[in-house]
Amino acid sequence: MRRALELAAQGAALGEVPVGAVVVLDGEIVGEGFNRPLSSFDPTAHAEIEALRAAATRLGNYRLTGSTLYVTIEPCTMCAGALVHARVARLVYGAAEPRAGAVVSSAQVLDNPALNHHIAVSMGVLADAAATLLRDFFRARRAQTQPGARDV
């Protein structure tokens, strides 16, 4: 999760919403990524998708059976679906995402009994650090867009 937080900070430095993700298989990072939808002009370039793509390319297989995805924030519907399609064994995330989180917050996508693959979930890992990154990022962004606002 610490590496995912580092990646999130890299994304924030580029103006992207600070979310980072890594895919681990047999104790080794096989894929990593951070949010890039703004810089890549790609609405699917979420951290989780970037990490899954990198892992699949490295392993030569889109099925990442036995892997764990660590991500700084609760995945959205798109990313939760991608985890199922990739056959990720375990999801570990930091902060909850009350608006778009699709694991426990606004939807429970992974709990659908019709799915042919189920994922073990651990939540709240380094959640304070992940939430602080997001909060600071959006606070700074709001300060930049408000007339007469100063960074305090």
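**Sheet, salt bridges and cysteines**

In this predicted model, Glu32 has a relative accessibility of 32% and therefore counts as partly exposed. The side chain of Glu32 forms a salt bridge with that of Arg3, with a distance of 2.8 Å from N to O. The two residues come from distant parts of the chain, 29 residues apart: Arg3 belongs to helix α1 (residues 2-13) and Glu32 to strand β2. Arg3 is likewise assigned to the partly exposed class, because its relative accessible area is 26%.

The pair of Arg3 and Glu32 is one salt bridge of the structure, which holds seven in total. Another joins the side chains of Glu50 and Arg36, at 3.1 Å from N to O. Glu50 lies in helix α3 (residues 47-59), whereas Arg36 lies in the loop between β2 and α2 (37-40), so this salt bridge ties together parts that are 14 residues apart in sequence. The burial of the two partners was also computed. Glu50 has a relative accessible area of 15% and is therefore buried, while Arg36, at 30%, is partly exposed. Both residues take part in a network of salt bridges that links Arg36, Asp42, Glu50 and Arg53.

A further salt bridge is found within a helix. The side chains of Asp136 and Arg139 meet at 3.4 Å, N to O. Both residues are in helix α5 (residues 127-145), and because they are three residues apart, about one helical turn separates them. Asp136 is partly exposed, with a relative accessible area of 39%. Arg139 falls in the partly exposed class too, with a relative accessibility of 46%.

The strands were examined next. In general, strands of a sheet pair through backbone hydrogen bonds, and the pairing can be parallel or antiparallel. In the present model, five strands make up an open sheet with mixed pairing, and their order is β2-β1-β3-β4-β5. Strands β2 (28-34) and β5 form the edges, as each of them pairs on one side only. On average, neighbouring strands of the sheet are turned by 15° against each other when direction is ignored. Strand β3 (residues 68-73) and strand β4 run parallel and are joined by five bridges. Within this pairing, Ile73 has Ala95 of β4 as its bridge partner.

On the surface, Val104, Val121 and Met123 make a nonpolar patch of about 230 Å². Val104 is placed in the loop that lies between β4 (90-95) and β5 (120-123). With a relative accessible area of 37%, Val104 is classed as partly exposed.

The cysteines were checked for disulfides. A disulfide requires two cysteine sulfur atoms within 2.5 Å. For Cys76, the closest cysteine sulfur is that of Cys79, at 3.7 Å, which is too far for a bond. Starting from Cys79, the closest cysteine sulfur is in Cys76, again at 3.7 Å and too far for a bond. The count of disulfides under this rule is zero. Both cysteines are assigned to the buried class, for which the relative accessible area must be under 20%: Cys76 has a relative accessibility of 17%, and Cys79 has a relative accessible area of 0%.

Methods:
Residues numbered from 1 in each chain as written. Predicted model: local features only at pLDDT ≥ 70, side-chain atom pairs only at ≥ 80, totals over all residues. Heavy atoms only, no water. Buried < 20%, exposed > 50% of the residue type's maximum accessible area, 1.4 Å probe, protein only. Patch = residues over 30% accessible without salt bridge, like charges linked within 9 Å, V, L, I, M, F, W, Y side chains within 5 Å. Areas by Shrake-Rupley, 256 points an atom, 1.4 Å probe, with all protein chains shown as cover. Salt bridge = Lys/Arg side-chain N within 4 Å of Asp/Glu carboxyl O. Helix = DSSP H or I, 4+ residues; strand = E, 2+ residues; numbered from the N terminus. Pairing = 2+ DSSP bridges. Axes fitted to C-alpha atoms, helices over the stretch in contact; angles between N-to-C directions.
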